[in-house]
Structures are given as structure tokens and as C-alpha cells.
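Biologist: I'm new to reading protein models. Could you walk me through this one, feature by feature?

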Amino acid sequence: AALRALGYAGFALASGIMLAALQLLPVLELVGMNPRRTGLGYEALAGNRMMPVQLLAGLMPNLFGSPVDYNFWGAMLSPTHREYVETVWYCGIVALLLLGAAVAWKGRRTAQTWLWLGVWLGGLGMAWGTAVYWVLYKLLPPLKQLPGVSRGVFVCCFATAVLAAL
């Protein structure tokens, strides 16, 4: 019975790999032709980091103005004058409160909670261009192709949603 289950698992894995290969092989070929494949140096990427004051945009997305109303002044906060979509993020106050509850509630603290809190802190480290991002930059070469702070903001928002659900 164990060998049969192992055979089914192997068949499922092989089927999944073959189905994924239909999409992944052309993408891998295209990546080799991408002019951004060399990526940016770490100093250039760290220059695009999020300023700590921009963390407030997680609570109030239009705190620094909105391009719709032609009053966006948040680009002046960063040394490289980042655009609105790269400096403004919003998870929701309720989701952030639930994140805090997931971490604070002793009965709900599980290994998953700590894992996703680590992912959240890692995303924050990426957005701020800290040593966490330097380590990830060295370990994960695709990060060289993502010049905006959105790389870390996306990770934070996703981890916030998971922690709020927990």
C-alpha cells in the first residue's frame, strides 16, 4: 500500500512538472533574452528603498497626496523621487489589527504565525533596503531585476493577509 501511494505521488509530481513545463520552458527562454537580465547593482537598488515615514501610507494611502487630485508630493520623500505606485501601499487598518492579534494572542501563536511574521519582517527589510535585502539579493538573483520598493511591499501585504486570517 505504501509503494502504491508513493507511485501515485510520483505520478502526480511528474504530471505536474510536465504540465508546468509547457509554460515554464518558453518563459525561461524569454528570460535569457530580457535586457534586464543583468539587473541593477545593490547600491542602485538600495537607493530605491522606502523611507520609514512612508510606512504611514500603510494606514492612510493618500497621506502624501494623490495623482488623481494632482497633489501628490510623496515623491519628494525619497532621494530618487519614487512614483506614487511605488511609495503608497495599503493593507487596511483592520488587517493590521488582526496581524497584531495573531502575534499577541498566546493561544493562537503557532509555527505558522512565527513563519508569516518572519516573512512580514523580511518584506519590511526588503522595502527598507536593509541587510535583509542584501542577503536576499545575494541568494536570489531574480531580485536584481526588481528596482522598486514594491518587491518588499507586496511581501508585507501578502503576509499581513495571511496573519490576519490566522
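Modeller: Sure, starting with what counts as an element: helices (H or I, at least four residues) and strands (E, at least two) are DSSP runs, numbered from the N terminus. Here the elements run α-α-α-α-α-α-α from the N terminus on, with seven helices and zero strands. This is a predicted model, where local features need pLDDT of at least 70 and side-chain atom pairs count only at pLDDT 80 or more, while totals for chains, interfaces and linings use all residues. Residues are numbered from 1 along each chain as its sequence is written, and side-chain values use heavy atoms, with hydrogens and water left out.

Biologist: And what is the average pLDDT of the protein?

Modeller: pLDDT is the predictor's confidence in each residue, from 0 to 100. The protein averages 80, and 84% of the residues score at least 70. Among the elements, helix 1 has the highest mean, 89, and helix 3 the lowest, 68.

Biologist: Let's take helix 1, then. What span should its 32 residues have?

Modeller: The expected span of a helix is 1.5 Å times one less than its number of residues. For helix 1 (residues 2-33) that gives 46 Å, and its end C-alpha atoms are 45 Å apart, which agrees. Still, helix 1 bends by about 45° at A21; the bend is the angle between axes fitted to the seven residues ending there and the seven starting there.

Biologist: Why do you say that helix 1 lies largely in the open?

Modeller: Buried means under 20% relative accessible area, exposed over 50%, and partly exposed in between (1.4 Å probe, protein chains only). In helix 1 the number of buried residues is zero, so it lies largely in the open. Across the 166 residues of the protein, 30% count as buried.

Biologist: Which residues of helix 4 are buried?

Modeller: A general idea helps here: an α-helix has 3.6 residues a turn, so residues three or four places apart point the same way. In helix 4 the buried ones are A95, L99 and A102. Looking down the axis of helix 4, you'd find its buried residues within an arc of 65°, so they line one face of the helix. That arc is taken from the directions from the helix axis to the C-beta atoms. On the other side of helix 4, V94, L97 and A104 are exposed.

Biologist: What about helix 5, which residue follows it?

Modeller: G129 does, and its phi is positive, near 70°. The buried residues of helix 5 include T113, L117 and W120.

Biologist: Where does Q54 lie?

Modeller: Q54 sits in the loop between helix 2 (42-47) and helix 3 (84-87), and Q54 is buried, with a relative accessible area of 1%. Q54 and V88 are 34 residues apart along the chain, yet their C-alpha atoms are separated by 7.3 Å. A57 is in the loop between helix 2 and helix 3 too, and A57 is buried at 0%. From A57 to W89 it's 32 residues in sequence and 6.0 Å in space, C-alpha to C-alpha.

Biologist: Last one: what does the side chain of T160 reach?

Modeller: A polar contact is a pair of N or O atoms within 3.5 Å; within protein, one must be able to donate a hydrogen and the other to accept it, and residues adjacent in sequence count only if both atoms are side-chain atoms. The side chain of T160 reaches the backbone oxygen of C156 at 2.7 Å. T160 lies in helix 7 (residues 150-165) and is buried, with a relative accessible area of 1%.
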